[in-house]
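Biologist: Please take a close look at one part of this chain for me. Pick a residue and show me how its surroundings fit together.

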Amino acid sequence: MTDDILRRQAIMPAAPAAAASLIEPLLAEIAGAGAEPVSLTLDYGPAGAAGTPVTVEGQVERATRTLVFAYGRLLSSEGQVLAAGSAVFRKPAPIINAG
């Protein structure tokens, strides 16, 4: 696991998939430009109230030549884990210049 943790402050949306809508984009950013999601797994804790401040954080657990494995979590302003997720992203194929 890398030591680089990406953190973002956000406001909890009023949506059925609020945690996923905050965690997945952060993990995609961590995976890198052009990375495509392969899987996303979320584990939910206590529900966060819509409109409350939250922190979204994530980091790369490991990366191979073609895949990035990332982990993230959604924290309340008190530091309580509201959701945790892991994702796998496929890295874009390298562009080979045949010219």
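Modeller: Phe89 lies in strand S5. The model is predicted. Phe89 counts as buried, because its relative accessibility is 1%, and the cut-off for buried is under 20%.

Its contacts come next. Leaving aside neighbours within four places in sequence, Phe89 touches Glu24, Leu27, Ala28 and Ala31, among others. Helix H1 covers residues 18-31. Further contacts of Phe89 include Ala35, Glu36, Pro37 and Val38. Strand S2 spans 36-44. Thr66, Leu67 and Val68 are also among the contacts of Phe89, and strand S4 runs over 67-76. Ala17 gives a distance to compare by eye: its C-alpha atom is separated from that of Phe89 by 20 Å. Along the chain, Ala17 and Phe89 are 72 residues apart.

Now the sheet around Phe89. It is open and has 5 strands, in the order S1-S3-S4-S5-S2, with antiparallel pairing. S1 (6-11) and S2 stand at the edges with a single partner strand each, so one side of each has no neighbour in the sheet. From one strand to the next, the twist averages 20°.

At the S1 edge, 6 bridges join S1 to S3, residues 53-63, and the two run antiparallel. Within this pairing, Arg7 has Glu57 in S3 as its bridge partner.

Helix H1 packs on the sheet. H1 touches S1, S2, S3, S4 and S5. The direction of H1 makes about 40° with that of S3.

Key: Residues numbered from 1 in each chain as written. Predicted model: local features only at pLDDT ≥ 70, side-chain atom pairs only at ≥ 80, totals over all residues. Heavy atoms only, no water. Pairing = 2+ DSSP bridges. Helix = DSSP H or I, 4+ residues; strand = E, 2+ residues; numbered from the N terminus. Axes fitted to C-alpha atoms, helices over the stretch in contact; angles between N-to-C directions. Contact = heavy atoms within 4.5 Å. Buried < 20%, exposed > 50% of the residue type's maximum accessible area, 1.4 Å probe, protein only.
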